[in-house]
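Thanks for making time this morning. I would like to walk you through one model, from its overall build down to a few single residues, and I will try to stay with what the coordinates support.

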Amino acid sequence: MTNRKPMVSMILLSSLIALASIALLGPAQCALGQQVIIGHTVPITGASAAEGGYYIKSAKLAVKQINQAGGIKGKKINLIMEDSQSSNPGALAALNKLVEQDKVLVILGPIKSTQILAISDAVKSFRVPMAIGGTNFYLTRKGNPWLFRCRPDDSIAAGAMVKYIREDMKVSKVGILHDTDAFGTGGADLVEQGSKASGMTVAKREKYTTKDKDFTAQLLSLKNAGAQVMVVYGTNPEDVATIQRQYRQLGSPYRYLGSPSSAMKDCLTLSKEAAEGLLAITDYVPGESEVARKYAEDYQKEFNENMDPTSAWNYDAVHIFAYAVQKAGEDRAQIMKAILAIRDYKGVLGTYSFTPNGDGLHEVSVIRIEKGAHKLLKVVKVAP
C-alpha cells in the first residue's frame, strides 16, 4: 500500500509558503491592478499639521463617495497618505516614496507654494500628474505640464483685491504686509503692480518672516505712511491671527483685506473677536452653488464639524482625477491630457476650465467675517 503522507505534507507546506508570501506582500500589492492608487502629500506633523487634518478629511470624503458609487470603472480608490512634515525636504521625501514605493497613479500635492517649487522638478522627472493648491502665479508657468492647480492663482486673488479696493472700498492709498516666502512675496508683488496700474498709490510695503511674534512696527509703519487699507498676504493662519489681534490693539488704523489665510478656520479660531468685521478673499462660500452647499452638508454629516473652505480643493481634485481616469484610463500621459481638456466642470470651488498651463479656476469671493463665519460680499471674476 502506497504511503501518501509525504505527498500530503509537501502540498500543505507549499500552500503555507504561498499564503505567507501573500501576507508579506500586503493588501495594497495583492490588490494591484484592482484599485486606483492616489497619493497624498500632506502635513501630518510640523507647523501645518492642524490644517493638514482638514485636507485629509476633504480627500477622504471624496474617496468614500466615489467608492460607494462604484469607484472608477469598477475599481475602488486607495488613498495613500505620506507626511510632508510641513517642510520642503519632507514634501520631496513624501513624493519619492509615493511614486517609487507605493506606485501611485496620481498625487494630491501640497498647498504651500514653497513646497511645490521645491518638488516641481521631481514631479516633472517622474511624469506623474499632481494636483496642487499653491497659488503662487509662477508655479504653473515654469514649463512643468504635470501640475494642475485646483485653486485660483494669486493673479486672480490679487486682481480681485485691487478691483474690490478701487470699485467697492473706493480708497486709493494701499498698504501691504506680507510673508517673505514665495506665496506672500508673489502675492504682494501682484497687488503692488495691480494697484499702480489701476492708478492707486502703494503707501508702504512691509514684510515679516513666518513665526514672527510682533508685527507692531510694520503695522505702525503703514499707519504713518497714510495707508487707507492694508492688504495682508500671509501664508500661515497662526501668523495672520496674531496680525489681526495686534491690528485691533492699535485701534484698527485702516481697513483690512486679507488673502485666503485670513479667512481660514484655524485663523478665526485663534483670532476670535479680533477677526470680526474684517474682509478677506476666499476660494468660495458654501452657499454659492448647489455643489458647494452639498459639500458643506456632507462634510458636516461625515465629521460632525463645519468644513474649512481652504481645504475643499482636495475634494475637487480627487473628483477631477476620477473624472480624468474614467475618461483616459490608467495612463499618466493620457490623464494629463484629459485634465487639460476639462471645460465647465462644476466643482465645490467653482467651475473648472483648465488653461494650457494647468490653471483650473478663475474667480474668488470677497467675504466679511461675521460671528466667526463667512458672509459673502461679492464674487469677483478675473479673466485667465
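What follows goes from the whole chain to its cores, then to the empty spaces, and ends with three residues.

Let me say at the outset that this is a predicted model, with a mean pLDDT of 90 for the protein and 91% of its residues reaching 70 or more. The part to treat with caution is residues 1–31, where the pLDDT is below 50, and where the model shows four contacts beyond near neighbours in sequence. As for the secondary structure, the protein has twelve helices and 14 strands, and its C-alpha trace spans about 105 × 40 × 40 Å along the principal axes. Of the 384 residues, 54% count as buried. If we take the contacts between residues at least 6 apart in sequence, 67% of them join residues at least 24 apart.

Now to the interior. In soluble globular proteins, nonpolar side chains tend to be buried together. Here, the largest nonpolar core has 84 residues, and the residues with the most contacts inside it are Met230 and Tyr295. Which helix gives the most to this core? That is α11, covering residues 312–328, which contributes ten residues. Apart from this core lies another, of 27 residues, which includes Ile156, Ala158, Ile165 and Val231.

Tyr295 deserves a moment of its own. Setting aside residues up to four places away in sequence, Tyr295 touches Ser58, Leu61, Tyr284, Met307, Ser311, Ala312, Tyr315 and Val348.

From the cores I turn to the space that is left unfilled. A search of the whole structure finds two cavities of 30 Å³ or more. The largest has a volume of about 130 Å³, and of the 14 residues that line it, those closest to its centre are Ile111, Lys112, Arg151, Phe183 and Thr235. By character, that lining divides into five nonpolar, six polar and three charged residues.

The second largest cavity has a volume of about 70 Å³, and it is lined by 13 residues, with Thr41, Pro43, Tyr55, Pro110 and Ile111 lying nearest its centre. Ile111 is thus named for both cavities, being listed among the residues closest to the centre of the largest and among those nearest the centre of the second largest. Strand β1, residues 35–42, and helix α11 each supply at least two residues of this second lining, and β1 gives the most, with three. Its residues divide into six nonpolar, six polar and one charged.

There is also open space to consider, and in the largest pocket it amounts to about 300 Å³. What lies closest to the centre of that pocket? Of its 14 lining residues, the answer is Asn306, Met307, Gly372, Ala373 and His374. Two or more residues of the lining come from each of α9 (265–271), α10 (290–303) and β14 (373–381), and the lining as a whole divides into eight nonpolar, four polar and two charged residues. Met307, which I have just placed by the pocket centre, is also one of the residues that Tyr295 touches.

Let me finish with individual residues, beginning with Leu177, which sits in strand β6, residues 173–179. Is Leu177 buried or exposed? Its relative accessible area is 0%, and since anything under 20% counts as buried, Leu177 is buried. Leaving out neighbours within four places in sequence, Leu177 is in contact with Glu206, Lys207, Tyr208, Gln218, Leu219, Leu222, Met230, Val231, Val232, Tyr233 and Ile243. Among these partners, Met230 has already appeared in the largest core, while Val231 belongs to the other core, of 27 residues.

The last two residues raise a point of backbone geometry. Most residues other than glycine have a negative phi. Lys73, although not a glycine, has a positive phi of about 50 degrees, and Lys272, again not a glycine, has a positive phi of about 55 degrees. Lys73 is placed in the loop between α2 (49–68) and β2 (76–83), whereas Lys272 is found in the loop between α9 and β10 (279–282). With exposed meaning over 50%, Lys73 counts as exposed because its relative accessibility is 55%, and Lys272 is likewise exposed, with a relative accessible area of 58%.

Note on methods
Residues numbered from 1 in each chain as written. Predicted model: local features only at pLDDT ≥ 70, side-chain atom pairs only at ≥ 80, totals over all residues. Heavy atoms only, no water. Core = buried A, V, L, I, M, F, W, Y, C linked by side-chain atoms within 4.5 Å. Buried < 20%, exposed > 50% of the residue type's maximum accessible area, 1.4 Å probe, protein only. Helix = DSSP H or I, 4+ residues; strand = E, 2+ residues; numbered from the N terminus. Contact = heavy atoms within 4.5 Å. 1 Å grid on protein atoms, 1.4 Å probe; cavity = no way out; pocket = protein on both sides within 12 Å on 5 of 7 lines; lining within 4 Å. Points joined across faces, edges and corners; volume = space filled by probe spheres on them. Nonpolar A, V, L, I, M, F, W, Y, C, P; charged D, E, K, R; others polar. pLDDT = per-residue confidence, 0-100.
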